[in-house]
Amino acid sequence: MATVDLKDVRKTYFGNVEAVKGVSIAIPDKALCVLVGPSGCGKSTLLRMIAGLEAITSGTVSIGEKVVNAVGPAERDIAMVFQNYALYPHMNVYDNMAYGLRNRGTPKEEIDARVRATAKTLELAHLLERRPRELSGGQRQRVAMGRAIVRYPKVFLFDEPLSNLDAKLRGQMRVEIKSLQRALGVTSVYVTHDQLEAMTLADILVVMNAGEVEQIGAPLDVYEKPASTFVAAFIGAPPMNLLPVAALSAGRTALAAPADAATLGFRPEDATLNPRGGAASGNGAAGLSLDMAVEGVEPVGAESFIYCRMAGERLVLRAAGRTATQTGDGLSAMVETAKLHWFDVAGKRL
Ligand code: ATP
């Protein structure tokens, strides 16, 4: 059993930079928790505090129900996978994977058994004699994973492990990491700034902003009910459309906004499109109807992104497949009431 529990964790660098401002997260055994947020939001600092590589200014970090604030990194029973792999260039794959175990004085036969079993799981068995420079990026990434796995740690920590890979390989490795983590059942914390990676990997998604947690939840719950305009804009690509309520009168809508509403949001895929003048179809459900001017169209194959402007505000809509809509066209879009998101002046969900 290895739960990871953070209680009101803070980090202040040099007495004045508040990198992490009171974060509490409870990660159940075997879960994969993803910390996501823009550069500088404090996610790496938080991960390093869990690893024991950074002192905790205040609060507690517990692993397996034991407070580890004063426990050194080597004794925390964690294994970390980094962005730059941190492989030893002069050692072959076998020795890279065996290194940590040898340092701990693990018996030779056990090291051999663990390295070979792990290499098999990761499809590295035929590459054990190679040096890192003789491997592809994806293979190197797998060796880095293997080095963490052979230690049979209680917890895996991943610090942007895929950011050096190209988009296609990143997608493949994402799937591999997820299935490996499931199969091994090791509690994991994964840091990324990539919202797609976060959405697809996480059991528990933690969205961070400026040292604080904006929202914690299952990925699709966060997507469907963002707690703030920050989360609404950060999770989802293209991001949610956010309009000042004041701009609505310019569209042809008579929608009643909740009291205190300052911002209205809707996802690009939640709008039903009609050429201007056509009847808003929707499915008869009540909703928001907006007239806008098309400023650009991006067909990407399976779908098209339509960039529009309404009352000075930019919007993006998403249409399945090809679209007949062209730059310069007028467009009317309908969004059902149930698909509208309302936020107050502080950006909090209403
Ligand atoms: P990135 O995605 O760019 O790595 P991040 O979300 O991981 O960003 P952190 O690296 O945790 O962010 O940094 C959080 C804040 O703490 C930033 O403002 C950063 O400048 C500051 N910071 C990080 N390390 C130190 C340090 N050693 N000394 C002082 N300030 C630091």
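Which residue in β2 does Val9 stand opposite? In this predicted model, that place is taken by Val23.

## The chain overall

Let's start with the big picture. The protein chain has 350 residues, and 36% of them count as buried. Its secondary structure adds up to eight helices and 18 strands, and its C-alpha atoms fill a box of roughly 75 × 45 × 35 Å along the principal axes.

As for contacts with a separation of 6 or more, 65% of them join residues that are 24 or more positions apart.

## The β1-β2 hairpin

Back to the pair we opened with. Strand β1 covers residues 4-13 and strand β2 covers residues 17-27; they pair in the antiparallel sense, with eight bridges between them. Val9 and Val23 face each other across this pairing.

Three residues sit between the two strands of the hairpin, and Phe14 takes a positive phi there, near 50°.

## The sheet and its helix

The hairpin strands belong to an open sheet of four strands, ordered β2-β1-β4-β5 and paired in the antiparallel sense. At the edges stand β2 and β5 (66-67); each has a single partner strand, so one side of each is left without a neighbour in the sheet.

On to the partnership of β1 with β4 (residues 58-63): this antiparallel pairing runs over five bridges. Here Arg10 has Ser58 in β4 as its bridge partner. Helix α1 (residues 43-51) packs on the sheet and touches β1, β2 and β4. The direction of α1 makes about 115° with that of β1.

## Helix α5, inside and out

Now for α5, which runs over residues 167-184. How far apart should the ends of an 18-residue helix be at 1.5 Å a residue? The expected span is 26 Å, and the end C-alpha atoms of α5 are 26 Å apart, so the two agree.

Met173, Ile177 and Gln181 are buried in α5. Looking down the helix axis, the buried residues fall within an arc of 70°, which means that they line one face of α5. Cover for these buried residues comes from elements including β3 (32-36), α4 (137-149), β8 (187-192) and α6 (195-201).

And the face turned away from that buried side? It carries the exposed residues Lys168, Val175, Ser179, Arg182 and Ala183. Just after the helix, Gly185 takes a positive phi of about 65°.

Definitions and conventions. Residues are numbered from 1 along each chain as its sequence is written. This is a predicted model: local features need pLDDT of at least 70, side-chain atom pairs count only at pLDDT 80 or more; totals for chains, interfaces and linings use all residues. Two strands pair if DSSP finds at least two bridges between them. A residue is buried if 20 or more other C-beta atoms lie within 10 Å of its own, exposed if 12 or fewer, and partly exposed in between; C-beta atoms are placed from the backbone. Two residues are in contact if their C-beta atoms, placed from the backbone, lie within 7 Å. The expected span of a helix is 1.5 Å times one less than its number of residues. The arc is that of the directions from the helix axis to the C-beta atoms. Axes are lines fitted to C-alpha atoms, for helices over the stretch in contact, and angles run from 0 to 180 degrees between N-to-C directions.
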